[in-house]
Amino acid sequence: CTICNSNCLECETQADNCTSCYTNVAAKAFFLEDDHSCSSECPPHTFEVTTKRCKTCDGVCGDCDGAGDHDCTSCQAGSLEYFISDTHTCEASCASTGYFEISASKTCILCHPTCETCSSTTDSSCLSCYQPSSKEHLHGGKCVGGCPIRTYPD
């Protein structure tokens with residue numbers, strides 16, 4: 001019999017091919033399902049599936065809280081993908097309407113619901129309004145149902 005790696009409670013075929021991890025109060029070991037190893041925490045690009053078990057994120061995700069491509073909390077570093085904050089996905093670009101882009105972090109943030117385009121998430125950061133019935137007008141960065149007194153629609 002060969003002794004398992006010090007982090008492995010049980011192993012098979014090789015000393016570092018863990019099937020379960022040794023845990024005690026000082027060593028809180030997580031079992032990494034994809035490479036059959038043990039770690040003190042779930043490493044980047046993995047998430048905790050069940051207590052003390054880690055699984056790899058979907059390929060487009062940098063970090064995640066689940067296995068699917070809609071469970072991303074960030075996109076892979078160095079990728080050309082943008083993180084879409086409301087859908088938890090990674091896409092090639094931000095949508096042309098309804099979002100504003102934070103270029104430094106390659107993140108797309110949902111505009112306020114009244115804005116078609118915007119510069120932040122507040123209702124006073126609209127750059128244009130949705131105009132399905134031409135009732136919304138941009139005034140002071142807000143989309144309003146009618147123009148205030150002493151103003152007219154552009």
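Here is a walk through this structure, from the whole chain down to a few single residues. Keep in mind along the way that the model is predicted.

Let's start with the overall picture. The chain's secondary structure consists of 16 strands and zero helices. Its radius of gyration is 24 Å, whereas the globule rule gives 15 Å for 154 residues, so the chain is more spread out than a compact globule. You can follow this in the C-alpha trace, which spans about 90 × 30 × 25 Å along its principal axes. As for contacts, take those with a separation of 6 or more: 8% of them join residues 24 or more positions apart.

The surface comes next. Of the 154 residues, 28% are buried. The accessible surface of the chain amounts to about 9,700 Å², and carbon and sulfur atoms supply 53% of that area. Among the side chains, 21 are negative and 8 are positive, with 10 Å between the centres of the two sets.

Now let's zoom in on the hairpin formed by strand 1 and strand 2. Strand 1 covers residues 8-11 and strand 2 covers residues 18-21, and the two pair in the antiparallel sense through three bridges. One cysteine pairing is easy to find here: C11 has C18 in strand 2 as its bridge partner. Six residues sit between the strands of this hairpin, and T13 has a positive phi near 65°.

Two histidines in loops are worth a look for their backbone angles as well. H45 belongs to the loop between strand 4 (37-39) and strand 5 (46-50). Its phi is near 70°, a positive value in a residue other than glycine. Is H45 buried or partly exposed? Buried would require a relative accessible area under 20%; H45 has 22% relative accessibility, so it counts as partly exposed. Further along, H88 is found in the loop between strand 9 (82-84) and strand 10 (89-91). H88 also takes a positive phi, near 55°, and with a relative accessible area of 34% it is partly exposed.

Finally, turn to R53, which lies in strand 6 (residues 53-56). This arginine has a relative accessible area of 30% and is therefore partly exposed. Which residues does R53 touch, leaving aside those up to four places away in sequence? They are F30, F31, E33, C42, F47 and E48. For a distance to check in your viewer, try R53 and C38: they are 15 residues apart along the chain, and their C-alpha atoms are separated by 9.2 Å.

Definitions and conventions: Residues are numbered from 1 along each chain as its sequence is written. This is a predicted model: local features need pLDDT of at least 70, side-chain atom pairs count only at pLDDT 80 or more; totals for chains, interfaces and linings use all residues. Side-chain values use heavy atoms; hydrogens and water are left out. Two strands pair if DSSP finds at least two bridges between them. Helices (H or I, at least four residues) and strands (E, at least two) are DSSP runs, numbered from the N terminus. The radius of gyration is taken over C-alpha atoms; the globule rule is 2.2 Å times the number of residues to the power 0.38. Buried means under 20% relative accessible area, exposed over 50%, partly exposed in between (1.4 Å probe, protein chains only). Contact means heavy atoms within 4.5 Å. Accessible areas come from the Shrake-Rupley method with a 1.4 Å probe; for residues, only the protein chains shown count as cover. Lys and Arg count as positive and Asp and Glu as negative; His and the chain ends are not counted. The place of a charge is taken as NZ of Lys, CZ of Arg, CG of Asp or CD of Glu.
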